[in-house]
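Reader: I should like to learn how to read the principal features of a structural model. May we proceed feature by feature?

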Amino acid sequence: MKKLISCAVFLDLRKAFDSVNHSILLTKLEHYGVRQNALKLIQSYLSNRRQYVQAGNTKSSLNSIISAVPQGSILGPLLILIFINDLQKSNSMKTVLFADDTVLVESDDNLEKLQNSVNREMTKLID
């Protein structure tokens, strides 16, 4: 029996709703078959959103939101899942997704090869 060394990387997409790039999401939606008016509707839903913060009687200036999916919306969780759905295709590690939590697992009988492989795959994932 071959002894293997395993490495597991646990990812939690910090502020997942705030980290969604609109351009990438729209490209992925189009890839999955959302086109024409439906795609324009979602683009309109995501675009030109503005927000401010209020503490007591003090308000910040109104700022444009350039990336994010509205939290508390019905579409938000679905758009997040579409955004990360192809995560496992970005690397060769075994990938397990659960909502915005992800586990990547790699094994090898050589520690140095394992380290190099995991580092290479993490770079691909970030890209």
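**Reading the model**

Author: Let us begin with one residue and its neighbours. Leaving aside residues up to four places away in sequence, T102 touches V9, F10, L11, L87, T95, V96 and L97. Please bear in mind that this is a predicted model.

Reader: In which strand does T102 lie, and is T102 buried or exposed?

Author: T102 belongs to strand β7, which spans residues 101-108. Its relative accessibility is 3%, so T102 counts as buried, the cut-off for that class being under 20%.

Reader: How does R50 read by the same approach: is it buried or exposed?

Author: R50 is exposed, because its relative accessible area is 51% and the class begins over 50%. R50 sits in strand β2, residues 49-51. Not counting residues up to four places away in sequence, R50 touches L62, N63, S64 and I65. As for L78, it is 28 residues from R50 in sequence, and the two C-alpha atoms are 22 Å apart in space.

Reader: What describes two packed helices?

Author: Two packed helices are described by the angle between their axes and the distance between the axes. Here, helix α1 (residues 22-31) and helix α3 (residues 75-84) have axes that come within 9 Å and cross at roughly 80°. That angle makes α1 roughly perpendicular to α3, since the range for this term is 65 to 115 degrees.

Reader: Which residues of α1 and α3 meet?

Author: From α1 there are I24, L25, K28 and L29, which meet L79, I82 and F83 of α3. By class, the residues of this contact are six nonpolar, no polar and one charged.

Reader: Let us turn to pockets. What is the volume of the largest pocket, and which residues are closest to its centre?

Author: A pocket may be read through its volume and its lining. The largest pocket has a volume of about 530 Å³. Its lining has 20 residues, of which L13, F83, I84, L87 and L125 are the closest to the centre. Two or more lining residues come from each of β1 (5-12), α1, α3 and α4 (111-126), and α4 gives the largest share, four residues. The lining comprises 12 nonpolar, two polar and six charged residues.

Reader: Which residues line the second largest pocket?

Author: The lining consists of D18, H22, L46, R49, Q51, I65, S67, A68, V69, P70 and Q71. Five of these residues are nonpolar, four polar and two charged. The space in the second largest pocket is about 160 Å³.

Methods. Residues numbered from 1 in each chain as written. Predicted model: local features only at pLDDT ≥ 70, side-chain atom pairs only at ≥ 80, totals over all residues. Heavy atoms only, no water. Axes fitted to C-alpha atoms, helices over the stretch in contact; angles between N-to-C directions. Parallel < 35°, antiparallel > 145°, perpendicular 65-115°, else oblique. Contact = heavy atoms within 4.5 Å. Nonpolar A, V, L, I, M, F, W, Y, C, P; charged D, E, K, R; others polar. 1 Å grid on protein atoms, 1.4 Å probe; cavity = no way out; pocket = protein on both sides within 12 Å on 5 of 7 lines; lining within 4 Å. Points joined across faces, edges and corners; volume = space filled by probe spheres on them. Buried < 20%, exposed > 50% of the residue type's maximum accessible area, 1.4 Å probe, protein only.
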